[in-house]
Amino acid sequence: DAAKDSADAAKMSADHLPRVERAYLFLGLDYKAEFKDFVLDYAGDNSTHTTMEFGFKNHGRTPALVEGLHATANYWPGPGWPPMSLTAGVSFQKGFAISGGDTVTDYTVDFPLTKKDREKAEAANGFIWFWGKIIYRDVFGDLHETGWCRGYQLASSGWHFAGDEELNYYT
């Protein structure tokens, strides 16, 4: 039954193709924050908000069509990890495509970080977390989602991987 074996192998190869060729979006490595001490002022004034700049890299071979983006950053007193439900929608161009192998770095999130909260984090009495998720379609029409969480170490002035599989995942 060489013909049946050959047909089975061809089907298995065709079924595997979307996993090999599809888009895989992950948080880029060039994220950074400009820390400011938040001062409560008039509504809509974000001049004292800390700004988080970030982007995504498509590690796949085909484009990803972005359908949704949710992210936030803030001081978190703990214990435990912040819930994904606290993230907010980030403005972006619906249907924006990230080509295979490309990186985009056009996203920002502003958040109020008080001097008191920053000092608590510096004293290891809580953390500054940056977390969220991006939702996208691959060229095969399948919907995917990638979540992330990073923590800022004030003593070393650097971001590090944080969270568990509830926050760091991909589908």
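This note goes through the fold, strand pairing, cores and selected side-chain contacts of a predicted model.

1. **Overall make-up.** The protein chain has two helices and eleven strands. Read from the N terminus, the order is α-β-β-β-β-β-β-β-α-β-β-β-β. One helix therefore opens the series of elements, and the other sits between two runs of strands.

2. **Burial and surface.** The protein chain has 171 residues, and 39% of them are buried. Its accessible surface is about 9700 Å². Carbon and sulfur atoms account for 53% of that surface.

3. **Contact range.** Take the contacts in the protein chain with a separation of 6 or more. Of these, 68% are between residues 24 or more positions apart. The points on Thr51 and Glu53 below give examples of pairs set apart along the chain.

4. **Strand β9 and its cover.** Strand β9 spans residues 143-153. It is mostly covered, with eight of its eleven residues buried. β9 pairs with β8, with β11 and with β10. The next three points take these pairings in turn.

5. **β8 with β9.** Strand β8 covers residues 127-137 and runs antiparallel to β9. Ten bridges join the two. Within this pairing, Gly132 has Trp148 of β9 as its bridge partner. The two strands form a hairpin, with five residues between them. Gly141 lies in the turn and has a positive phi of about 90°.

6. **β9 with β10.** Strand β10 takes in residues 158-161. Its pairing with β9 is antiparallel and has four bridges. Gly151 is matched with His160 in β10 as its bridge partner.

7. **β9 with β11.** Strand β11 consists of residues 169-170. Two bridges join it to β9, again in the antiparallel sense. Here Thr146 stands opposite Tyr170 of β11.

8. **Main nonpolar core.** The largest nonpolar core holds 29 residues. Which members touch the most others? They are Phe54, Phe56, Leu69, Ile128, Phe130 and Trp148. At least two residues of this core come from each of β1 (25-27), β3 (50-58), β4 (64-76), β7 (103-111), β8 and β9. β4 gives the largest share, six residues. Trp148 thus appears twice in this note: among the core members with the most contacts to other members, and as the bridge partner of Gly132.

9. **Second core.** A separate core has seven residues. Among them are Trp76, Trp129, Trp131 and Cys149. As background, side chains in a regular strand alternate between the two faces of the sheet.

10. **Thr51.** This residue is in strand β3. Is Thr51 buried or exposed? It counts as buried, because its relative accessibility is 15% and the cut-off is under 20%. Beyond its neighbours within four places in sequence, Thr51 is in contact with Lys32, Ala33, Glu34, Thr108, Val109 and Asp110. Asp110 is 59 residues away along the chain, yet the two C-alpha atoms are separated by 4.5 Å. The side chains of Thr51 and Asp110 also make a polar contact at 2.9 Å.

11. **Glu53 and Lys32.** The structure holds six salt bridges. One of them joins Glu53 to Lys32, with the closest N and O atoms 3.8 Å apart. The pair links distant parts of the chain. Glu53 is in strand β3 and Lys32 in strand β2 (residues 32-34), 21 residues apart. Glu53 counts as partly exposed, at 33% relative accessibility.

12. **Glu34 and Lys36.** These side chains also meet in a salt bridge, at 3.9 Å from N to O. Both residues are partly exposed: Glu34 has a relative accessibility of 45%, and Lys36 has a relative accessible area of 26%. Glu34 is also one of the contacts of Thr51.

13. **Lys120 and Asp117.** A further salt bridge joins Lys120 to Asp117, with the closest N and O atoms 3.7 Å apart. Both residues lie in helix α2 (residues 115-122). They are three residues apart, about one turn of the helix. How do the two partners stand for burial? Lys120 is partly exposed, with a relative accessible area of 30%. Asp117 is buried, with a relative accessible area of 17%.

Terms used: Residues numbered from 1 in each chain as written. Predicted model: local features only at pLDDT ≥ 70, side-chain atom pairs only at ≥ 80, totals over all residues. Heavy atoms only, no water. Buried < 20%, exposed > 50% of the residue type's maximum accessible area, 1.4 Å probe, protein only. Pairing = 2+ DSSP bridges. Core = buried A, V, L, I, M, F, W, Y, C linked by side-chain atoms within 4.5 Å. Contact = heavy atoms within 4.5 Å. Polar contact = N/O pair within 3.5 Å; in protein donor to acceptor, adjacent residues only side chain to side chain. Areas by Shrake-Rupley, 256 points an atom, 1.4 Å probe, with all protein chains shown as cover. Salt bridge = Lys/Arg side-chain N within 4 Å of Asp/Glu carboxyl O.
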